[in-house]
Every structure is written in C-alpha cells, then in structure tokens.
Amino acid sequence: MMIRFDAGLDCFNYRIAGVAMHEGAVLLHQAAGDDFWTFPGGRAELGEPAEQTLKREMREEIDTEIEIVRLLWFVENFYTYAEKRYHEIALYFLMRLPAACPYLTQPTFQAEDAGTQLTFRWFAAQPDVLAALPLLPSFIPTALQELPASVQHITHYD
C-alpha cells in the first residue's frame, strides 16, 4: 500500500525522489498530462525504507539499478495539484546511474510506470536554464546550484 491519505480536498503524500547529476546536467521527468518537470521517484509503500523505495521506483521506471549517494533534502511541501491541497513529506536523495547505463548518453527518453507515460530529459544544471522551466518544487533551481554538505530541512509552499 502506497503511503497517501485523502481526506476530501486534502491529501497527505510521502514521496521519495532521486537527484541524478551527470556532466553538468540534471535528470528530470514529466508525466503525461502534466505541464511541469520534477525529479523522478514515487511514493513509498507502507513498511518500505526510503532508499529501497527509490531503488524500486528506478527499476520500475527505467529498469536501472541506481546507487544512492546520500540524502540531500527533507522537505515539507505544500501545494495544490488536480484540485487537491497536498501536505507532502518528501526525501530527496542524490543518486548515481551506473556508468554503463544507456540513459546517460540519451538527452531524452521515454518510460512507463503503472500505465503513465513518462518523459525523462537531461537539462543543463544552470540557474537560467532551470529557472526557465516549469520545475516543481520551485526551490529546486536555486538548491541545485550548491548541493548541501549535510541534510537540509526545507519547508516549502508552491
């Protein structure tokens, strides 16, 4: 059971996301029908540790065994999506794709997860490039400019 609770127009969500950097670029993805980009990842299952969630999600989405480097951000994220008000707890891990991964050399690629089409794309991790994107959560373009040396707690409203 995925960790998400709905109460009318309110929703609590527990999300695990991966930050992959390669040769000055960052990997983002967009689900079909969405008009924004975000880090790949997904919801944890009840009883599943966060690092296992991210590894499972990357296997499901891009059939790749990733390496988790470290936790970057613990985020309390508040936003509205699909007419629901979300209170989300999200863990963002720095992750590494294996050197032999074919996706490291593909600027854009497609995948599917639970019937949802996903577009993955490497974007230059430059402030002007990222700030021009519809990128959520909106703290990401700034936060990517200098990854924290230790875990940062962020409370964010979009």
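Begin by selecting Ile62 in this predicted model: setting aside neighbours within four places in sequence, Ile62 has Leu97, Tyr103, Phe109, Ala111 and Phe120 in contact with it.

Keep Ile62 selected and add Tyr14, Ile16, Leu54, Leu97 and Trp122, for these are the residues that touch the most other members of the largest nonpolar core, which has 27 residues. To see where this core comes from, colour strand E2 (10–22), strand E3 (25–31), helix H1 (50–62), strand E6 (84–96), strand E7 (108–113) and strand E8 (116–124), each of which supplies at least two of the core's residues. Another core, of 22 residues, lies apart from this one, and it can be located by selecting Trp37, Phe39, Leu133 and Ala143, which are among its members. In soluble globular proteins, nonpolar side chains tend to be buried together.

Turn next to the aromatic rings, where a search of the whole structure finds 12 aromatic pairs. One of them joins Phe78 and Tyr157, which are stacked with 4.9 Å from centre to centre and 15° between the planes. This pair links distant parts of the chain, since Phe78 belongs to strand E5 (residues 67–81) and Tyr157 to strand E9 (residues 152–157), 79 residues apart. Is Tyr157 buried or exposed? Its relative accessibility is 60%, so Tyr157 counts as exposed, the cut-off being over 50%.

Now select Tyr79 and Tyr86, whose ring centres are 4.9 Å apart and whose planes meet at 5°, so that this pair is stacked. Both Tyr79 and Tyr86 are buried. Finally, add Phe36 and Tyr81 to the selection, and the cluster that ring pairs form from Phe36, Tyr79, Tyr81 and Tyr86 will be displayed.

Notes
Residues are numbered from 1 along each chain as its sequence is written. This is a predicted model: local features need pLDDT of at least 70, side-chain atom pairs count only at pLDDT 80 or more; totals for chains, interfaces and linings use all residues. Side-chain values use heavy atoms; hydrogens and water are left out. Rings of Phe, Tyr and Trp (its six-membered ring) pair if their centres lie within 6.5 Å; planes under 30 degrees apart count as stacked, over 60 as edge-to-face and the rest as tilted. Helices (H or I, at least four residues) and strands (E, at least two) are DSSP runs, numbered from the N terminus. Buried means under 20% relative accessible area, exposed over 50%, partly exposed in between (1.4 Å probe, protein chains only). A nonpolar core is a set of buried Ala, Val, Leu, Ile, Met, Phe, Trp, Tyr and Cys residues joined through side-chain atoms within 4.5 Å. Contact means heavy atoms within 4.5 Å.
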